[in-house]
Amino acid sequence: YQRRVREAVVSTQSTGRTIRSVTVGTFYIAPFITFLYNFVDKVFGKSQTPLNSLKKTGLISLLSPITSAGYVICNNILQNKSLDYTINQIKNDLPTIVLVQYKIWIPTHFFLLTVVPLRHRMFLSNFVGFSGPAT
């Protein structure tokens, strides 16, 4: 009986986490990343040279902590977490979250900005995001 209860709790937690991630990804991350890709193309032009892509990647990377903090805030709102809990989580976990993201997303953004046309970037960015601990 205890085993079934534990399995049900784990199943519920996984389902809830999946629903929250899809919700935050759909309504916050995807629109924000789309805006960023369009913004860096306006700031630096549409050229896909390595130097230009490096500039774009740098700007996106500078904004990564804001994106990550927003993700944590949205996720905690969906979990009915308190403001104090959210602030503490951002203070304690954000540096680690951002470092992990930099390992994955700096090379990914550079590749996407150098090789992939704008109209296909979100699809490939979502593929990377869904494939592992990239967010």
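A helix here is a DSSP run of H or I at least four residues long, numbered from the N terminus. With that in hand, Leu-54 can be placed in helix α2, and the tour can begin. Keep in mind along the way that this is a predicted model.

**The whole chain**

Start with the protein chain in cartoon view. You will find four helices and zero strands, so the order from the N terminus reads α-α-α-α, since helices and strands are the elements counted. Colour by accessibility next: of the 135 residues, 30% count as buried. Among contacts with a separation of 6 or more, 70% join residues that are 24 or more positions apart.

**Along helix α2**

Now select residues 50-78, which make up helix α2. Does its length agree with what is expected for a helix? At 1.5 Å a residue, its 29 residues should span 42 Å, and the end C-alpha atoms are 39 Å apart, which agrees. Pause at Leu-63, where α2 has a kink of about 40 degrees. The proline Pro-65 comes shortly after that kink.

Go back to Leu-54 and show its side chain. Leu-54 counts as exposed because its relative accessibility is 52% and the cut-off for exposed is over 50%. Draw a distance from its C-alpha atom to that of Thr-114: the two residues are 60 apart along the chain, yet the separation is 8.5 Å.

Then pick Lys-56, also in helix α2. Is this lysine buried or exposed? Lys-56 counts as buried, because its relative accessibility is 0% and buried means under 20%. To see what surrounds Lys-56, show its contacts beyond four places in sequence: Val-40, Asp-41, Phe-44, Gly-45, Lys-46, Ser-47 and Leu-113.

**The loop after α2**

Follow the chain out of α2 to Asn-80, in the loop between α2 and α3. Asn-80 has a positive phi of about 60 degrees although it is not a glycine. Most residues other than glycine have a negative phi. At 71% relative accessibility, Asn-80 counts as exposed.

Just a few clicks further on, Leu-83 lies in helix α3. Leu-83 counts as exposed too, with a relative accessibility of 64%. Measure back to Ile-73, and the viewer should give 8.7 Å from C-alpha to C-alpha for a pair ten residues apart in sequence.

**Along helix α3**

Select residues 83-115 to highlight the whole of α3. How far apart are its end C-alpha atoms? They are only 41 Å apart, short of the 48 Å that a straight helix of 33 residues would reach at 1.5 Å a residue. Zoom in on Asp-93, where α3 bends by about 50 degrees. A proline, Pro-95, follows that residue within four residues.

For the buried side of the story, colour the buried residues of α3, including Leu-94, Val-98, Gln-101, Trp-105, Leu-112 and Leu-113. Leu-113 has already appeared on this tour, as a contact of Lys-56.

**His-109**

His-109 sits in helix α3 and deserves its own stop. It is buried, because its relative accessible area is 6%, under the 20% cut-off. Which side chain does the side chain of His-109 meet in a polar contact? The partner is the side chain of Tyr-37, at 3.0 Å. Beyond four places in sequence, His-109 is in contact with Tyr-37, Thr-57 and Ile-60. One more distance to draw runs to Gly-58: the C-alpha atoms are 9.3 Å apart, while the residues are 51 apart in sequence.

**The second largest pocket**

Finish by switching to a surface view and looking for the second largest pocket, with about 260 Å³ of space. Twelve residues line this pocket, and the closest to its centre are Arg-17, Ser-21, Tyr-71, Asn-75 and Gln-79. Which helices supply at least two residues each of the lining? They are α1 (2-44), α2 and α3. Colour those three helices separately and you can see each one's share of the lining.

How values were computed:
Residues are numbered from 1 along each chain as its sequence is written. This is a predicted model: local features need pLDDT of at least 70, side-chain atom pairs count only at pLDDT 80 or more; totals for chains, interfaces and linings use all residues. Side-chain values use heavy atoms; hydrogens and water are left out. Buried means under 20% relative accessible area, exposed over 50%, partly exposed in between (1.4 Å probe, protein chains only). A polar contact is a pair of N or O atoms within 3.5 Å; within protein, one must be able to donate a hydrogen and the other to accept it, and residues adjacent in sequence count only if both atoms are side-chain atoms. Contact means heavy atoms within 4.5 Å. The expected span of a helix is 1.5 Å times one less than its number of residues. The bend at a residue is the angle between axes fitted to the seven residues ending there and the seven starting there. On a 1 Å grid over the protein atoms alone, a cavity is a set of points where a 1.4 Å probe fits but cannot get out, and a pocket is an open set with protein on both sides within 12 Å along at least five of seven lines; lining residues have an atom within 4 Å of a point. Grid points are joined across faces, edges and corners, and a volume is the space filled by probe spheres set on the points.
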